[in-house]
Amino acid sequence: MSAETSHRLIKAFLRQPVDRTPVWLMRQAGRYLPEYRQLREKMGGFLAMAKNPEIAAEITLQPLKRFPLDGAIIFSDILMIPDAMGLGLYFAENEGPKFKHMIQHEKDVSTLVIPEPEEKLNYVLDAIKITQKSLENKIPLIGFAGSPWTVATYVISDAKKMLFQAPELLHRLLDKLAESTVKYLNAQISAGADAIMLFDTWGGLLTTRDYHDFSLKYAKKIFSGLQREHKGKKIPCIFFTKQGGQWLEDMLSIQPDVLGLDWTVNIGEAREKINQRAALQGNLDPMLLYSNPKRIQAEVEFILNAYGKYSGHAFNLGHGIPKDVPVENVAALVDAVHSLSAKYHG
């Protein structure tokens with residue numbers, strides 16, 4: 001049986017009927033789990049884990065051992081492409097990601113080489129293959145990348161300043177990042193990813209005009225170049241712009257299968273606006289995981305009810321899991337989605 005007909009999450013992505021609403025969580029494999037923190041301390045940091053295929057696969061599987069999630073997402077980072085381009089990704093303690101070489105001038109962009117995924121990003125592809133063997137086709141595996149605009153905000157000291165001072169230079173950088181991302185995501189699909197997601201974390205910083213010109217334009221280039229079928233299976237493609245709720249109808253122009261929503265959007269209103277032209281993913285406020293199981297259950301019910309008795313809903317957070325939420329609250333969220341959603345189906 002193909003993934004299109006057997007996996008609840010893939011069926012929801014493709015707006016097909018399901019028995020209950022599937023749920024997976026952004027950053028579900030990560031630092032809120034004590035077993036992850038123990039492994040990170042042993043391995044000596046994030047990059048050491050992410051670049052070790054066996055360890056990355058182990059981390060991908062960790063949340064599945066705790067919670068009955070409907071999907072896995074490969075343990076990696078949205079900044080692997082610029083690292084593969086030679087910009088030197090590293091993580092400063094309590095400061096987040098940094099690069100040894102930042103993009104400032106024309107020569108910085110012109111010398112960037114588009115990486116071959118099988119050579120420079122093979123550790124991600126190997127992690128996908130190892131994970132898929134362990135999953136045994138029981139649940140689907142999601143691959144991902146960062147949008148060119150979002151990646152650019154990390155490799156330029158002030159991306160918005162460049163947008164206004166040197167827009168053509170920024171366009172050349174974004175074009176190279178988009179070309180690299182097409183190759184990278186297609187390689188993930190060939191390695192075994194059942195769906196892919198493009199994270200546009202910082203698109204919401206832009207004006208509507210600039211969002212179209214500097215973010216959506218390059219997302220469209222990526223989506224138009226993706227391998228949307230592999231080995232007879234459709235590969236659903238998810239697009240998520242944080243704080244992008246006002247542009248949902250514009251996002252349809254890139255032909256996504258799924259649009260991710262942050263917590264500022266009413267999912268029922270979004271569904272009416274999209275009108276079954278894409279599935280929706282989301283959209284519980286991640287900070288709600290600091291509350292308690294009763295409050296979480298009430299919010300899950302609110303979101304499910306707002307979406308209504310329609311196909312095409314994959315439950316998720318409006319962004320990633322915070323690093324120190326109680327694990328039992330994550331369990332309560334997953335259980336609430338499964339127990340409360342059946343009445344909205346069938």
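Helices here are DSSP runs of H or I with at least four residues, strands are runs of E with at least two, and both are numbered from the N terminus. That naming puts E136 in the loop between α9 and β4 (141-146). Keep in mind that this is a predicted model. The tour below starts with the seven-strand open sheet, then takes in two helix pairs, a hairpin and a few backbone oddities.

**The sheet**

- Seven strands make up an open sheet, and they line up as β1-β4-β5-β8-β9-β10-β11 with parallel pairing.
- At the edges sit β1 (72-73) and β11 (313-314), each of which pairs on one side only.
- Helix α13 (residues 208-224) packs on this sheet, where it touches β5 (195-200) and β8 (237-241). The direction of α13 makes about 170° with that of β8.
- Strand β10 (residues 279-281) runs parallel to β11, and two bridges join them. Looking at L280, you'll find its bridge partner in β11 is H313.
- As background, strands of a sheet pair through backbone hydrogen bonds, either parallel or antiparallel.

**I238, a residue in the sheet**

- I238 belongs to strand β8.
- Is I238 buried or exposed? I238 has 0% relative accessibility, so it counts as buried, the cut-off being under 20%.
- Setting aside neighbours within four places in sequence, the contacts of I238 are F13, I196, M197, L198, F223, V258, G260 and Q281.
- Some of those partners can be placed: I196, M197 and L198 fall within β5 (195-200) and F223 within α13 (residues 208-224), while Q281 falls within β10 (residues 279-281).
- For a distance to check, I238 and L185 are 12 Å apart in space, C-alpha to C-alpha, with their positions 53 residues apart in sequence.

**Helix pair α9 and α12**

- Two packed helices are described by the angle between their axes and the distance between the axes.
- For α9 (residues 122-135) and α12 (residues 167-191), the angle is about 25° and the axes are 9 Å apart. Angles under 35 degrees count as roughly parallel, so α9 is roughly parallel to α12.
- The α9 and α12 crossing is right-handed.
- On the α9 side, the residues in contact are V124, L125, I128 and K129, and they meet Y184, A187, Q188 and A191 of α12. Sorted by class, that contact has six nonpolar residues, one polar and one charged.
- Helix α12 also holds H171. H171 is buried because its relative accessible area is 15%, and the cut-off is under 20%.
- Beyond neighbours within four places in sequence, H171 is in contact with D213, F214, K217 and Y218. Those four partners fall within the span of α13 (residues 208-224).

**Helix pair α16 and α17**

- Helix α16 (residues 293-307) packs against α17 (residues 327-341) at about 40°, and here the axes are 9 Å apart. That angle makes α16 oblique to α17.
- The crossing of α16 past α17 is right-handed.
- From α16, the contact uses P293, I296, Q297, V300, E301 and L304, which meet N329, A332, L333, A336, V337, L340 and S341 in α17. By class, these residues split into nine nonpolar, three polar and one charged.

**The β2-β3 hairpin**

- Strands β2 (residues 89-92) and β3 (residues 96-99) pair antiparallel over four bridges.
- Within that pairing, Y90 has K98 in β3 as its bridge partner.
- Three residues lie between the two strands of the hairpin, and N94 takes a positive phi near 60° there.

**Backbone spots to look at**

- Most residues other than glycine have a negative phi, and most peptide bonds are trans.
- Which peptide bond is cis? The bond from G282 to N283 is cis, with omega near -5°. N283 lies in the loop between β10 and α16.
- R27 isn't a glycine, yet its phi is positive, near 65°. You'll find R27 in the loop between α2 (8-13) and α3 (34-43), and at 47% relative accessibility R27 counts as partly exposed.
- E136, also not a glycine, has a positive phi of about 50°. At 52% relative accessibility, E136 counts as exposed, because the cut-off for that class is over 50%.

Technical notes
Residues numbered from 1 in each chain as written. Predicted model: local features only at pLDDT ≥ 70, side-chain atom pairs only at ≥ 80, totals over all residues. Heavy atoms only, no water. Axes fitted to C-alpha atoms, helices over the stretch in contact; angles between N-to-C directions. Parallel < 35°, antiparallel > 145°, perpendicular 65-115°, else oblique. Left-handed = near helix turned anticlockwise from the far one by under 90°. Contact = heavy atoms within 4.5 Å. Nonpolar A, V, L, I, M, F, W, Y, C, P; charged D, E, K, R; others polar. Buried < 20%, exposed > 50% of the residue type's maximum accessible area, 1.4 Å probe, protein only. Pairing = 2+ DSSP bridges.
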